Amino acid sequence: MQRCAALKPTLSRLGVYFFFAIVIGLGLLLSVVVIHSGHQVNAVIQPLVTQSMPTLRTISELKTEVTERQVILNQYFAYGLNHAQFRQKYQSNEHEMALLLQKTNPEWKLNQRYKTLMALNENAKLVSEQLEQIMTQEQPDLDEARAVLVENAIDTNEFLHQLDMSFVDASKAIEQAGQISLDEVSAMIRLVLAYSLAIVIIAILVAYYIYARQRAENRLAHAARHDRLTDLLNRSMFEADIAALKQKPHLGLLISIDRFQRVLGGLGYEAGDELILAVKARLLPIVQQLGGTLYRLEGTHFAAIFPIKNPQALHTVDQRLLHALNGAVMVSGHELFATLSIGGAMYPQDGSDAVTLIRNMDAALEQAQAQGGNAAQTYSQEMNARAVERLALEGELRHAVERNELRLYFQPQALLSNQQVIGVECLVRWQHQGQLVPPIEFIPLAEESGLIIPIGEWILRTACQQAKAWQVQGMPLVVAVNISARQFQHPNFLALLRQVLHETQVDPQYIELEITEGVVMQDADHTINLLHQLRALGLMLSIDDFGTGYSSLSYLKRFPLNKLKIDQSFIRNLESNNGDAAIVEAVIRLGHSLNLTVIAEGVETAEHVAILKALGCDELQGYYFSRPLPLADAQVFLQQRLQPVSIS
Ligand code: C2E
Ligand code: MG
Ligand code: MG
């Protein structure tokens, strides 16, 4: 990839060079052709200028002189001139003629016409001598003289005729040369026009190419600074902007969408993108109004910087941002209720570089999330201590399995009708440094770090062993095991289940896997396939915390499930909250219409029991019936409560 990227600019540079090479090459070619044509035109024009044109002039002068000669002879005969005048004029004429005939170009001299002219000229000399002889006699014979003059007239006519013919020859040569020159010059003009056109086209191409390149470079530069999905500035710009703050106090906020996957349920990745865009659309105007800059760092994390000197102002900013999502967000035609968590830190005192600032904003954000989300927290020094503590805890958790520090607690589940125990849910605890750490404190950590895979395997194996033990003891209880998202999505999950079932020899119908709504809805096609394979193994399947995420009902119909577990948040205020009662009733109806057993979690009071019974719920689990118990206590409880109890 990198090599390709490096090759591209080289190739494009080569492209420009290629264009210029073509322009220069064509230019050279044109010069050669123009020089060649110029030479040709020159070769044609030169004889015109040096030969044909002078010839024409000479012909014209010769004509004058010949006519003049005839006039001189005639005047001499008619006694218009005396002998001395005749001699002077004739000699002058003869001299002019000789000069003109001599001046003619060499080529013409080779011509037959020239030879004829020379002969006629010689003849004219003889004629004049004859006339002179006759006219110098005492009694000139005028008849003889007239005959000589007639002969001269004939010669003169012939002379003029030959000159006219020579004139025609020279004119033809000039016309021909003119035509050739015209052709050459037009060809040259056409060539120069074609070249100019080629230059214009090439210039347009080069200009377009440079423009396209510039655009591509601009786009690349934009992509390097912006997040692709939201077009907000990205993390590297956040880092650059922090570096450019030069110690001027600012407030930095890290903003995250709470329980993103859960909120999204089964709506898929595209809906996830839509949700992020919707959150951006709500946050951006507020951040801009408050004079800040919004960034998208990654995933569900946005960041914002505000030029605020007073930390008191932080509360106002937080509140406005927390309320940004008030009301539902529409995603893929569904109403989603999302909330935000915000972690704030002050620049430069809480971090004078982007890495430290982000780390501390993150510590504050975690704190806000730990409060259940929809909250804002400001960074304090102790948070870092807590983060360090978490890191240490993770290190300890790594050894929890091998040091045999994990414990399974069992919380009984009973039929609502007669409170007969029908199963238990396995809930893990961590016996760590003399304390029993609840799952809420280490399961998320285990999920994040990937430790959930070995821990989950231990839980599954222990639960199956216990189920088998109860089976052997004649207590056929369904043992429910919580499966985390990461476990469920692990490629070896199915193989591990097969192996554990085989190892423990437990009857799979007594093992129930609890999977949360959000996990099942992700990648629904794959999930359906996996759930069918799990059912094919004979296992029971339930959806945990039902009602807290968004379940697509059409998918739910296609999932081979056995049970819905109504989340305890709906049960808590059942007696006082009509809305919760309505939801519970709807879930029970829905479950029954899909042929599923419905169990209520977190049942704490007799009132809860009465309402649930009235609403037609099948089973219950909660403190009202029993808290989660360690094995020994569970054993006693179960033995007592395996039989139905008659209740009022
Ligand atoms: P969950 O699977 O929904 O478990 C029910 C939780 O509700 C348990 O908390 C249980 O002690 C508590 N609970 C039961 N009855 C009542 C009641 O009447 N009132 C109230 N207020 N609470 C009640 P726990 O044991 O602290 O577990 C919390 C969560 O941790 C579980 O929620 C489950 O998501 C996770 N978890 C527990 N054990 C495992 C485990 O083995 N594997 C995995 N992956 N997660 C586990
Ligand atoms: Mg559970
Ligand atoms: Mg639950």
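# Reading two magnesium sites, a ligand and a sheet

User: Which residues coordinate the magnesium ion (ligand 3)?

Analyst: In this predicted model, the magnesium ion (ligand 3) is coordinated by D544 (OD), D545 (OD), E601 (OE) and E601 (OE), at 2.1 to 2.4 Å. E601 is written twice in that list, each time with an OE atom.

User: How are the donor residues of this ion spaced in sequence?

Analyst: For the magnesium ion (ligand 3), the spacing is D-D-x55-E.

User: Are D544 and D545 buried or exposed?

Analyst: A residue counts as buried when its relative accessible area is under 20%. D544 has 6%, so D544 is buried. D545 has 17% relative accessibility and therefore counts as buried too.

User: What are the protein donors of the magnesium ion (ligand 2)?

Analyst: They are E425 (OE), N482 (OD1), E514 (OE) and D544 (OD), and they lie 2.0 to 2.3 Å from the ion. Their spacing in sequence reads E-x56-N-x31-E-x29-D. E425 belongs to strand β9 (residues 421–432) and E514 to strand β12 (residues 511–516), so this pair ties together parts that are 89 residues apart in sequence. Both E425 and E514 are buried.

User: Which residue coordinates both ions, and how far apart are they?

Analyst: D544 coordinates both, and the magnesium ion (ligand 2) and the magnesium ion (ligand 3) are 3.9 Å apart. D544 can be read as the bridge between the two sites.

User: Which residues come nearest to ligand 1?

Analyst: There are 20 residues around ligand 1, and R429, N482, Q568, E604 and Y623 come nearest. N482 is also a donor of the magnesium ion (ligand 2).

User: How close are the polar atoms of Q568, E604 and V428 to ligand 1?

Analyst: Read each pair separately. An N or O atom in the side chain of Q568 is 2.6 Å from an oxygen atom of ligand 1. For E604, an N or O side-chain atom is 2.5 Å from a nitrogen atom of the ligand. V428 takes part through its backbone: a polar atom there is 3.1 Å from a nitrogen atom of ligand 1.

User: Now the sheet. In what order do its strands stand?

Analyst: Strands of a sheet pair through backbone hydrogen bonds, either parallel or antiparallel. Here five strands form an open sheet in the order β2-β3-β1-β6-β7, with mixed pairing. β2 (293–298) and β7 (375–378) are at the edges with a single partner strand each, so one side of each has no neighbour in the sheet. On average, neighbouring strands are turned by 20° against each other, direction ignored.

User: How many bridges join β2 to β3?

Analyst: Five bridges join them, and β2 and β3 (residues 301–306) run antiparallel. As one case, L294 has A304 in β3 as its bridge partner.

User: Which helix packs on the sheet?

Analyst: Helix α6 (residues 235–243) does, touching β2, β3 and β6 (340–347). The direction of α6 makes about 130° with that of β2.

User: Where does D353 lie?

Analyst: D353 is in the loop between β6 and α10 (354–370). At 34% relative accessibility, D353 counts as partly exposed. The side chain of D353 reaches the backbone nitrogen of V355 at 3.2 Å.

User: How far apart are D353 and A244 in sequence and in space?

Analyst: They are 109 residues apart in sequence and 9.9 Å apart in space, C-alpha to C-alpha.

Key: Residues numbered from 1 in each chain as written. Chains lettered and ligands numbered in written order. Predicted model: local features only at pLDDT ≥ 70, side-chain atom pairs only at ≥ 80, totals over all residues. Heavy atoms only, no water. Pairing = 2+ DSSP bridges. Helix = DSSP H or I, 4+ residues; strand = E, 2+ residues; numbered from the N terminus. Axes fitted to C-alpha atoms, helices over the stretch in contact; angles between N-to-C directions. Contact = heavy atoms within 4.5 Å. Donors = N, O, S within 2.8 Å, 3.2 Å for Na, K, Ca; no water. Buried < 20%, exposed > 50% of the residue type's maximum accessible area, 1.4 Å probe, protein only. Near = heavy atom within 4 Å. Polar contact = N/O pair within 3.5 Å; in protein donor to acceptor, adjacent residues only side chain to side chain.
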